[in-house]
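Visitor: I am new to reading protein structures, and I would like to go through this one slowly, with each answer reasoned out. Could we begin with the words we will need?

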Amino acid sequence: MKSTAEIMNRGLRCLIDNLGNVEAEEFIAVIQRERFDYTKWRESLFEGMTLKEINDAAVEYAKAHPFKGKAKRI
């Protein structure tokens, strides 16, 4: 199990890599300022979509963002 510090570092690195420094900081500020409920947000994210639509969107995302990490497929 990873420590809280390791998870925070990885999360921040992910934000910076994908948003850049300024937008990563802005994202964190919004999360802290707004009483953001991640669970409710995730529940509503795919509201009204069929499983096929969700799957199609996931496939398109995977094609547009190929995995470049060090994980091994099994």
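Guide: Let us start with the helix, because here helices are DSSP runs of at least four residues, numbered from the N terminus. Please keep in mind that the model before us is a predicted one.

Visitor: How many salt bridges are found in the whole structure?
Guide: A pair counts as a salt bridge when a side-chain nitrogen of Lys or Arg comes within 4 Å of a carboxyl oxygen of Asp or Glu. When the whole structure is searched for such pairs, the number of salt bridges found is four.

Visitor: Which residue meets Arg13 in a salt bridge, side chain to side chain?
Guide: The partner sits four residues away from Arg13 in helix 1, which spans residues 4–33, and this means that about one helical turn separates the two. Arg13 itself is partly exposed, with a relative accessible area of 45%, while the partner counts as exposed at 55%. The distance from N to O is 3.1 Å, and the residue that Arg13 meets is Asp17.

Visitor: How far apart are the closest N and O atoms of Glu34 and Arg33?
Guide: Exposed stands for over 50% relative accessible area, so Arg33, with 57%, is exposed. Glu34, with 44%, is partly exposed. These two residues form a salt bridge, and their closest N and O atoms are apart by 3.7 Å.

Visitor: Which residue forms a salt bridge with Glu60?
Guide: We can look in helix 3, residues 51–64, where the partner lies three residues from Glu60, at a separation of about one helical turn. The partner is exposed, with a relative accessible area of 60%. With the closest N and O atoms 3.9 Å apart, the residue bridged to Glu60 is Lys63.

Visitor: Which helix gives the most residues to the lining of the largest pocket?
Guide: The largest pocket has a volume of about 240 Å³, and the residues that line this pocket include Asn18, Tyr61, His65, Phe67 and Gly69. By type, the lining divides into five nonpolar residues, three polar and one charged. The element that gives the most, with three residues, is helix 3.

Visitor: How much accessible area do the residues of the nonpolar surface patch have together?
Guide: Among the residues that form this patch are Leu19, Phe27, Ile31, Trp41 and Met49. The elements that give two or more residues to the nonpolar patch are helix 1 and helix 2, the latter covering 38–45. Taken together, the patch residues have an accessible area of about 780 Å².

Visitor: Is Trp41 exposed or partly exposed?
Guide: Trp41 is found in helix 2, and its relative accessibility is 38%. Since the partly exposed class runs between the limits of 20% and 50%, Trp41 counts as partly exposed.

Visitor: What distance separates the C-alpha atoms of Met8 and Asp56?
Guide: Met8 is found in helix 1, where it counts as exposed at 56% relative accessibility. Along the chain, Met8 and Asp56 are 48 residues apart, and their C-alpha atoms are separated by 31 Å.

Visitor: And what distance separates the C-alpha atoms of Glu43 and Glu25?
Guide: Glu43 lies in helix 2, and with 58% relative accessibility Glu43 counts as exposed. Glu43 and Glu25 are 18 residues apart along the chain, and the separation of their C-alpha atoms is 25 Å.

Notes. Residues numbered from 1 in each chain as written. Predicted model: local features only at pLDDT ≥ 70, side-chain atom pairs only at ≥ 80, totals over all residues. Heavy atoms only, no water. Buried < 20%, exposed > 50% of the residue type's maximum accessible area, 1.4 Å probe, protein only. 1 Å grid on protein atoms, 1.4 Å probe; cavity = no way out; pocket = protein on both sides within 12 Å on 5 of 7 lines; lining within 4 Å. Points joined across faces, edges and corners; volume = space filled by probe spheres on them. Nonpolar A, V, L, I, M, F, W, Y, C, P; charged D, E, K, R; others polar. Patch = residues over 30% accessible without salt bridge, like charges linked within 9 Å, V, L, I, M, F, W, Y side chains within 5 Å. Areas by Shrake-Rupley, 256 points an atom, 1.4 Å probe, with all protein chains shown as cover.
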